[in-house]
Amino acid sequence: QYSFKEVFGTLVAQKELFDVVAKPLVEDLIRGKNGLLFTYGVTGSGKTHTMTGSPGDGGLLPRCLAMIFNSIGPFQAKRFVFKLDDKNGVDVQSEVEALLERQRREALPVPKTPAGKRQLDPEFADMIDAQDHCRAGDVDEDNVYGVFVSYIEIYNNYIYDLLEEAPCDPIKPKWNNCNTPVRNGDFVPPQSKILREDQNHNMYVTGCTEVEVKSTEEAFEVFWRGQKKRRIANTQLNRESSRSHSVFIIKLAQAPLDADGDNVLQEKEQITLSQLSLVDLAGSERTNRTKAEGNRLREAGNINQSLMTLRTCIEVLRENQLYGTNKMVPYRDSKLTHLFKNYFDGEGKVRMIVCVNPKAEDYEESLQVMRFAEMTQEVEVARPLDRPLCGLTPGRRLRNQAFREELSRKLELRGGPVGAGPEEPSPAELFFQSFPPLPSCELLDINDDQTLPKLIEALEQRHKMRQMLAEEFAKNVLAFKTMLQEFDSSVASKENYIQGKLAEKEKTITGQKTELERLEKKIKTLEYKIEILEKTATIYEEDKRNLQQELESKSQKLQRQASDKRRLEARLQGMVAETSLKWEKECERRVAAKQLEMQNKLWVKDEKLKQLKAIVTEPRAERPERPSREREREKPLPRSVSPSPAPSAPVAPLRPRRSRSAGERWVDPRSHSPFP
């Protein structure tokens, strides 16, 4: 049994899944917070279907786009008011700069972004046709918004731009021994992108195509254009198996209006750039089931390796959180985890949808997927988000709209008829009133001779006045023609003068543009040099730190050697003193022994002399028989005891020791005097 925050059955609608999982992420995106949404599971478990949807029932991605544009539709900025730079930042331009940028882009021979009003591709028209009008509730009406989308894939641990207008052949390329694509005849593999870190320590893909979109249809058409380039293949477990991780990134830039509520505030610090990443992970698979070979086997290995790295990062984060350790999380082992490092560090919310296939063959793999997904719920990382404070009064846009409506109403009232006073006669009425009045034309009597002559007279007067007016009108027309000719000649001269001035201005503008291009090239060159110098400085600083560390280690080693030398010198001095004392004692002992030996020799000589003297001075008596040598040997000769060499010292009793031969002497151990 595994516990999750929400479990959806097989018959659940896409709208219910969107309302529970993705809708909070879109609301956070509009509030300026980042979000990340994964679909994770075994191959063939419905991850791409969950993210994209099917005809008539769009998935999470088109519903997210629809909710974004339903919420910010009336408050979108004009195209190119927000301009993304190449360092994961955003700049704001004025209306005039945006207009010039649009004109310049329209003049370039590049493929235009899809328009929202043109006929949609029937392949995906049903996915975004019947969307519910879902919108966020707390949209700041005093801001203007811009939406940018990009679409990348991570294939064999390389990042590729799916929106890049480059020749891309989906047929497999050749590979060398280093597992990198090489040029193969007509096939030129797309250039892989690299990851970098911006000034806010957020990871981004350099050189990635980011398209500004103004409607749900336009954004989804951009997505579908990249979806056709995504790498898929047929395996034994899935007919259209995704061979790469796809990442659809939605960036929402928002900036406040100025104090009048009319134009965008031209301060880069007030721009908030939030991001929602929708990730369709490739499914984990076992090669003994898919029977993959060649490129499919290599792709499966890279997919499983990146998913294992994701799992390792989650486990290390969980261990650090539970046990208070500070182990290093191995984000850099995979491009997938390295790209979303900031999300795991707490830069935004992370949601994971686990797709499970109820097939019995997927039982063991589904258990591992659910075990990992349950473990990820224990990881909680949160960091407060600092929103920039503009300090302007809220409700500026509504007040500006109300002011414009009131102004237009006043102007309409001022330009219309005034109903209080009498109506003024028109110029035609004044002209007809200048003619003499016609007399009564009614004939009451057959003999009336006055009415017709009066009428004839009045008509003749009117005819004369008409001729006079016609002549005056002809004169005025002639004068007016003359004035028009003069005016035409003056206008022609002024036009010639203005054309000359415009030609001069155009030459000046052309020169300035050339100078600007030269300066831009120079700026790019200098930026490149600065980047090289920064890299060189970084390398030198690293070398400096290494040398300092080496110097410190050398100095510590020298200090240790000096201390060892001092200890060795002290030890040698002690040994010398001990040896000299020992040799002094040995020399004294040897001198004493030598003296004793000499004294013994002298005593021996003295004894011999004494015996010789005793023999010489002894009176001659009868000589006894000479005993045989055997008797002499058996009978020991009597020996006289010699006096002690030191007469002043008391003489101790002797303990004679029998020597092995007759020629040896008795020795007193205290006096060391020999006795014959």
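Buried means under 20% relative accessible area. That cut-off helps in reading strand S6, in a model that is predicted.

## Strand S6 and its partners

Strand S6 covers residues 143-155. It is mostly covered, as 13 of its 13 residues are buried. In a regular strand the side chains alternate between the two faces of the sheet. In S6, Asn143, Tyr145, Val147, Val149, Tyr151, Glu153 and Tyr155 point one way. Val144, Gly146, Phe148, Ser150, Ile152 and Ile154 point the other way. Both sets are buried.

Which strands pair with S6? S13 runs antiparallel to S6, and 12 bridges join the two. Within this pairing, valine 149 of S6 has isoleucine 250 of S13 as its bridge partner. Strand S10 (residues 211-213) also pairs with S6 in the antiparallel sense, over 3 bridges. There, phenylalanine 148 stands opposite glutamate 212. S7 is joined to S6 by 4 bridges, again antiparallel. Isoleucine 152 has aspartate 161 in S7 as its bridge partner.

S6 and S7 also form a hairpin. There are 2 residues between the two strands. Asparagine 156 sits in the turn and has a positive phi of about 55°.

## Strand S1

Now turn to S1. Here 8 of the 8 residues are buried, so S1 is largely enclosed by the rest of the structure. Asn34, Leu36, Phe38 and Tyr40 point one way from S1. Gly35, Leu37, Thr39 and Gly41 point the other way. All of these are buried.

S1 runs parallel to strand S15 (residues 348-355), with 8 bridges between them. Tyrosine 40 in S1 has valine 354 in S15 as its bridge partner. S1 also pairs with S14 in the parallel sense, over 5 bridges. Leucine 36 stands opposite serine 277 of S14.

## The annotated binding site

An unreviewed UniProt entry lists a "binding site" made up of Gly41, Val42, Thr43, Gly44, Ser45, Gly46, Lys47 and Thr48. Of these residues, Thr48 is included in the lining of the second largest cavity.

Where does threonine 43 lie? Threonine 43 is in the loop between strand S1 (34-41) and helix H2 (47-52). It counts as buried because its relative accessibility is 5%.

Lysine 47 is placed in helix H2. It is buried too, with a relative accessible area of 5%. Which residues does lysine 47 touch, leaving aside those up to four places away in sequence? They are Thr39, Tyr40, Gly41, Val42, Asp280, Leu281, Ala282, Gly283 and Cys355.

## Salt bridges

The structure holds 22 salt bridges. Three of them are set out here.

| Lysine | Acidic partner | Closest N to O |
|---|---|---|
| Lysine 268 | Aspartate 91 | 3.1 Å |
| Lysine 193 | Glutamate 164 | 3.5 Å |
| Lysine 535 | Glutamate 531 | 3.8 Å |

Take lysine 268 and aspartate 91, which form a salt bridge. Lysine 268 lies in the loop between strand S13 (245-256) and strand S14 (272-280), and aspartate 91 lies in strand S5 (residues 90-92), so the pair ties together parts that are 177 residues apart in sequence. Lysine 268 is partly exposed at 46% relative accessibility. Aspartate 91 is partly exposed as well, at 29%.

Lysine 193 forms a salt bridge with glutamate 164. This pair links distant parts of the chain, 29 residues apart. Both residues are in the loop between strand S7 (158-161) and strand S8 (195-197). Is lysine 193 buried or exposed? At 14% relative accessibility, lysine 193 counts as buried. Glutamate 164 is partly exposed, at 22%.

Lysine 535 and glutamate 531 meet within one helix, H13 (residues 451-617). They are 4 residues apart, about one turn of the helix. Lysine 535 has a relative accessible area of 47% and is partly exposed. Glutamate 531 is partly exposed at 28%. Elsewhere, salt bridges that share partners join Glu27, Asp28, Arg31 and Lys349 into one network.

## Cysteines

How many disulfides does a search of the whole structure find? It finds 0. Cysteine 134 is in no disulfide, and the nearest cysteine sulfur, that of cysteine 64, is 9.6 Å away. A disulfide needs two cysteine sulfur atoms within 2.5 Å. Cysteine 134 is buried, with a relative accessible area of 16%. Cysteine 208 counts as buried at 16% relative accessibility.

Technical notes:
Residues are numbered from 1 along each chain as its sequence is written. This is a predicted model: local features need pLDDT of at least 70, side-chain atom pairs count only at pLDDT 80 or more; totals for chains, interfaces and linings use all residues. Side-chain values use heavy atoms; hydrogens and water are left out. UniProt positions are given in the numbering used here, feature names are shortened, and annotations may be inferred rather than shown by experiment. On a 1 Å grid over the protein atoms alone, a cavity is a set of points where a 1.4 Å probe fits but cannot get out, and a pocket is an open set with protein on both sides within 12 Å along at least five of seven lines; lining residues have an atom within 4 Å of a point. Buried means under 20% relative accessible area, exposed over 50%, partly exposed in between (1.4 Å probe, protein chains only). Contact means heavy atoms within 4.5 Å. A salt bridge is a side-chain nitrogen of Lys or Arg within 4 Å of a carboxyl oxygen of Asp or Glu. Two strands pair if DSSP finds at least two bridges between them.
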